[in-house]
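Open the model in your viewer and keep the selection tool at hand. The stops below say what to select and what is there.

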Amino acid sequence: MITMKCIAKASGVSQPTVSLILNNKSSKVKISEATRLRVLDAAKKLGYYRNEQARAMRTGSSKVIAVTGDFMDYAMRIFNGMAKSAYSNGYSMKIIPNHDEISIEEIVRIACENRVAGMLCASMPQKDIIFLSESLQKFDIPLILFDSGFKLDNSPVSSVHCNEHQGGRLIAEHLEQLGHTNIAYISSSAVHTYCVNRFNGIKDYFATNKKIKLYTCITDKEIQFTPAAIQRLDRLFDEHPEITAVACASDHPAIKMIRYFHERNLKVPQDISVTGFGDMMASQVMVPALTTISQPFELLGKKSFDMMVKTIETKKMVENVTLDVELKIRESTQRIAK
């Protein structure tokens with residue numbers, strides 16, 4: 001195994017000098033540029049790689065940033081942005097999924113046992129994020145929220161998120177321009193922050209338009225509609241056949257709603273318009289292609305990771321960044337028939 005001792009012998013300097021150079025601390029002492037380059041050249045020729053696990057044991061921290069959350073299809077675009085930032089900043093990522101089989105306490109345990117330098121957290125119930133924040137603070141592990149849609153009051157937690165409220169307003173404006181006045185909002189949750197923020201954007205846009213009637217239905221599941229959810233949908237559309245447009249909290253229920261209307265012998269968009277939120281790949285290639293809100297997921301991932309690196313290295317908190325979203329008009333919406 002190639003060690004710093006081997007590099008010191010090959011370059012003709014002391015082992016402490018090699019350590020300072022390889023750990024990027026040579027600027028703190030008077031080490032000439034020629035010596036620095038000689039040591040780096042020797043390390044490269046010998047095939048030396050720094051032992052990050054050993055470094056973590058010595059310092060009590062690592063160059064690993066944990067990423068946790070309830071990840072959906074769009075996660076790969078977020079991870080791609082994070083991976084680019086991790087590579088350029090000399091960090092790596094550890095993915096800790098959040099699902100029914102892994103408790104929030106288990107996530108904290110994994111993060112602490114791996115001595116992560118920080119944690120990035122996506123969509124979770126607010127009570128879990130509060131627990132996560134309070135637990136990680138005890139171990140001086142910074143937490144940054146991404147794509148969570150809310151901020152923790154009086155807490156040293158930064159956030160990067162897309163403008164959910166803006167997206168709701170864009171959907172509302174689009175449907176209004178198409179002449180729709182009876183609109184249903186379909187969501188998997190009445191309390192999840194992103195669902196609430198998107199609906200608030202729609203409500204706020206229509207606040208002064210007395211002609212608009214809004215209806216809501218909670219489906220409970222993001223991807224699969226339960227029998228109980230189907231019953232609620234049936235009741236809504238049986239009682240209100242005047243509904244001509246459906247705005248969904250995300251692309252998943254929007255895709256399911258198009259299937260649901262097909263089974264009710266309703267054509268999208270000829271009989272009813274449907275919108276989503278998120279711009280999944282499926283939304284672009286399905287028939288009809290889905291009108292939706294496009295979120296800059298890769299930029300979201302990169303900015304989140306960049307912010308974490310800045311937090312770790314400067315110890316500065318709190319910063320909140322909001323990214324604009326964009327309306328993508330495709331085939332699932334059309335002007336209401338007169």
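Which residues in α2 meet which residues in α3? Thr17, Val18, Ile21 and Leu22 in α2 meet Thr35, Arg36, Val39, Leu40 and Ala43 in α3. Keep in mind throughout that this is a predicted model.

**Stop 1: helices α2 and α3**

Select residues 15-22 for helix α2, and show α3 with it. The axes of these two helices come within 10 Å and cross at roughly 85°. That angle makes α2 roughly perpendicular to α3, because angles of 65 to 115 degrees are counted that way. Colour the contact of α2 with α3 by residue class, and six nonpolar, two polar and one charged residues appear.

**Stop 2: helices α1 and α3**

Keep α3, residues 33-46, and add helix α1, residues 4-11. Here the axes come within 9 Å, and the crossing is at roughly 120°. The two helices, α1 and α3, are therefore oblique to each other. The crossing of α1 past α3 is right-handed.

Now show side chains. On α1, pick Cys6, Ile7, Ala10 and Ser11; on α3, their counterparts are Arg38, Val39, Ala42, Ala43 and Leu46. The contact of α1 with α3 consists of seven nonpolar residues, one polar and one charged. Val39 and Ala43 of α3 are among the residues that meet α1, and Val39 and Ala43 are also among those that meet α2.

**Stop 3: the six-stranded sheet**

Switch to a cartoon view and find the open sheet, whose six strands are ordered β2-β1-β3-β4-β5-β11 with parallel pairing. Which strands stand at the edges? They are β2 (92-97) and β11 (320-323); each has a single partner strand, so one side of each is left without a neighbour in the sheet. From one strand to the next, the twist averages 20°.

Zoom in on β1, residues 64-69, which runs parallel to β2 and is joined to it by six bridges. To see one bridge pair, select Ile65 and its partner in β2, Met93.

Next select Val64, also in strand β1. Leaving out residues up to four places away in sequence, Val64 touches Tyr91, Ser92, Met93, Lys94, Val116, Ala117 and Gly118. For a distance label, join the C-alpha atoms of Val64 and Gly90: they are 9.3 Å apart, while the two residues are 26 residues apart along the chain.

**Stop 4: Ser85 in helix α5**

Select residues 75-89, helix α5, and pick out Ser85. Is Ser85 buried or exposed? Ser85 is buried, with a relative accessible area of 0%. Apart from neighbours within four places in sequence, Ser85 is in contact with Lys302, Phe305 and Asp306.

**Stop 5: strand β6**

Finally, select residues 182-187, strand β6. Six of the six residues in β6 are buried, so the strand is largely enclosed by the rest of the structure. In a regular strand, side chains alternate between the two faces of the sheet. Turn on the side chains of β6: Asn182, Ala184 and Ile186 point one way, Ile183, Tyr185 and Ser187 point the other way, and all are buried.

Add strand β7, residues 213-218, which runs parallel to β6 and is joined to it by six bridges. End on Ile186, with Cys217 of β7 standing opposite.

Conventions:
Residues are numbered from 1 along each chain as its sequence is written. This is a predicted model: local features need pLDDT of at least 70, side-chain atom pairs count only at pLDDT 80 or more; totals for chains, interfaces and linings use all residues. Side-chain values use heavy atoms; hydrogens and water are left out. Axes are lines fitted to C-alpha atoms, for helices over the stretch in contact, and angles run from 0 to 180 degrees between N-to-C directions. Helices (H or I, at least four residues) and strands (E, at least two) are DSSP runs, numbered from the N terminus. Angles under 35 degrees count as roughly parallel, over 145 as roughly antiparallel, 65 to 115 as roughly perpendicular and the rest as oblique. A crossing is left-handed if the near helix is turned anticlockwise from the far one by less than a right angle, and right-handed if clockwise. Contact means heavy atoms within 4.5 Å. Ala, Val, Leu, Ile, Met, Phe, Trp, Tyr, Cys and Pro count as nonpolar, Asp, Glu, Lys and Arg as charged, and the others, Gly among them, as polar. Two strands pair if DSSP finds at least two bridges between them. Buried means under 20% relative accessible area, exposed over 50%, partly exposed in between (1.4 Å probe, protein chains only).
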